[in-house]
Amino acid sequence: MTAALEVRKLRKSFGGVPVTHDVSLTVQPGERRLIIGPNGAGKTTLFNQIAGEIRSDGGSIHVFGEDVTHLPVRRRAHLGVSRTYQVITLFARDTLLQNVVLGMLGVHALRLRPLRRLAGEDELHARAFQVLETVGLAHRAHVPAGEMAYGEQRRAEIAVAMAQKPRLLLLDEPLAGLSRDERALVRDLIARIPRETTIVMIEHDMDVALAFAEQISVLHYGELIVEGDRETVVAHPRTREVYLGG
């Protein structure tokens, strides 16, 4: 079976300081993979390398068998890579519906026709509205994103990412800053994502994250130090040492 994501000996340094160091991991299609580690472990840098937002110093990245190591973000998006961010990246003055439409546009043929008015693209808007229904935000479709509650914005970001029908979805701390009730909403939303989409998630809410994960990778100072299923990783002495405080 061709892996959904295969990373081999990936490296990145800033100012001579290694942030990811010979990271290798393989994620199978449909898998739910959790990446954990203390602050500064290199988790978001790893996501940025996979998504193509920063150039790696060495190593390789394959997505569903395609070598994307040197491809720009837009080319990776067309191969099915989508992501969310730690910091909200919605266009605050645009409505939620407009944000989702813009997300869809990144992989839609209309991106090649910049002079065409999007307002008349009924099919595109209908699809965006349908995506909002899946995250429980259809009733907020015409509200400017900047006027929405923080928890709603978190769900909206997942909607924008899912609007591209990704095969590989990277979720960077999707529960960060949420209340207990909001975390439950987002947790359930992620759980409902079809298995056609492989998910790799960074998260610090361990109760939710461990319930989500089938395989876990632990990063520490840019190195992958432990990998395996939940029981193996939680019981491993290195995990307890660097992350769980045991």
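These legends accompany views of a predicted model.

**View 1. The whole protein, with nine helices and ten strands.**
The chain has 246 residues, and a compact globule of that length would have a radius of gyration near 18 Å. The protein has 18 Å, which agrees. Along the principal axes, the C-alpha atoms fill a box of roughly 55 × 40 × 40 Å. Buried residues make up 49% of the 246. The accessible surface is about 12000 Å². Carbon and sulfur atoms contribute 50% of that surface. Among contacts with a separation of 6 or more, 66% link residues 24 or more positions apart.

**View 2. The four-stranded open sheet.**
Its strand order is β2-β1-β4-β5. Pairing is antiparallel. Strands β2 (17-27) and β5 (66-67) form the edges, and each pairs on one side only.

**View 3. Where β4 meets β5.**
Strand β4 covers residues 58-63. Two bridges join β4 to β5. The two strands run antiparallel. Here H62 stands opposite D67, a residue of β5.

**View 4. Helix α1 on the four-stranded sheet.**
Helix α1 spans residues 43-51. The helix lies across three strands: β1 (5-14), β2 and β4. Relative to β1, α1 runs at about 115°.

**View 5. The six-stranded open sheet.**
The order reads β6-β7-β8-β3-β9-β10. Pairing is mixed in this sheet. At the edges stand β6 (81-83) and β10 (223-228). Each has a single partner strand, so one side of each is left without a neighbour in the sheet. From one strand to the next, the twist averages 20°.

**View 6. The parallel pair β3 and β9.**
Strand β3 holds residues 32-36, and β9 holds residues 215-220. Four bridges join them. Both strands belong to the six-strand sheet, where β3 is followed by β9 in the order. Which residue of β9 is the bridge partner of I35? The partner is S217.

**View 7. Helix α5 on the six-stranded sheet.**
Residues 150-162 make up helix α5. The helix lies across β6 and β7 (168-172). Its direction is about 160° to β7. Of these two strands, β6 is the one at an edge of the sheet.

Definitions and conventions: Residues are numbered from 1 along each chain as its sequence is written. This is a predicted model: local features need pLDDT of at least 70, side-chain atom pairs count only at pLDDT 80 or more; totals for chains, interfaces and linings use all residues. Side-chain values use heavy atoms; hydrogens and water are left out. Two strands pair if DSSP finds at least two bridges between them. Contact means heavy atoms within 4.5 Å. Axes are lines fitted to C-alpha atoms, for helices over the stretch in contact, and angles run from 0 to 180 degrees between N-to-C directions. The radius of gyration is taken over C-alpha atoms; the globule rule is 2.2 Å times the number of residues to the power 0.38. Buried means under 20% relative accessible area, exposed over 50%, partly exposed in between (1.4 Å probe, protein chains only). Accessible areas come from the Shrake-Rupley method with a 1.4 Å probe; for residues, only the protein chains shown count as cover.
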